[in-house]
Amino acid sequence: MDNKKAKSRLNHKGNAVKFKDDDYETPKEVLSDLLPYIENYETIYDPFYCDGAVIEEWEKLNKKCLNEKKDAFNREVPEFDILISNIPFSCKEKCVELGFKYNKPFILLMPIDSLGSKWIKKYFDKLQFLIPSGRYNFLKKGKLGKGCWFDTMWVSSGLNLHHKIIKL
């Protein structure tokens, strides 16, 4: 391999994904949008740990959330009723695959432009979408941001919603 190819960022893609700064916590104001759709579920599992604030945010809404600092893709999975997560956007497809792997309902937050991605097409018939009425604000190191610069959506499966797409 010549020197130019050795320096290509593609050769370091694994590390780029691993060290991306896409760890944002979801505040209760955002999570509350999901309450009408998850009232029959007791234990929420969020496999993607940031700083654990999501546990407290769910507690404010009287929900129990399991969220531990472990590798989401290689771990023993705790008992849970529904998986809900603001996923790392650097590995969206892998997160959807994880949701299906557990054979339980899941809801994943991701950028709305994911609808145009090639990878989502193979799952499209199995998914339903909850579209927020505006842009969400997220927590970064315990502080609420001033506003997300892109639109997001909740991608779900197993909720048996009445419509394929629901505008919140």
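Three short exercises on this predicted model follow, each with a worked solution.

Residues are numbered from 1 along each chain as its sequence is written. Local features need pLDDT of at least 70, side-chain atom pairs count only at pLDDT 80 or more, totals for chains, interfaces and linings use all residues, and side-chain values use heavy atoms, without hydrogens and water.

**Exercise 1.** Place Glu57: is this residue buried or exposed?

Solution. Start with the helix. Glu57 sits in helix 5, residues 53-59 (helices are DSSP runs of H or I, at least four residues; strands are runs of E, at least two; both are numbered from the N terminus). Next, take the relative accessibility: 7%. Glu57 is therefore buried (under 20% relative accessible area; exposed is over 50%, partly exposed in between; 1.4 Å probe, protein chains only).

**Exercise 2.** Find which strand gives the largest share of the largest nonpolar core.

Solution. The core has 46 residues (buried Ala, Val, Leu, Ile, Met, Phe, Trp, Tyr and Cys, joined through side-chain atoms within 4.5 Å). Ile38, Trp58, Ile84, Met110 and Trp154 touch the most other members. Several elements supply at least two residues each, among them helix 5, strand 4 (106-111) and strand 8 (152-157). Strand 4 gives the largest share, five residues.

**Exercise 3.** Trace the open sheet and explain its edges.

Solution. Seven strands run in the order 2-1-3-4-8-5-9, with mixed pairing (two strands pair if DSSP finds at least two bridges between them). Strand 2 and strand 9 each have a single partner strand, so one side of each lacks a neighbour in the sheet. Now look inside. Strand 4 and strand 8 pair antiparallel over six bridges. Met110 has Met153 of strand 8 as its bridge partner.
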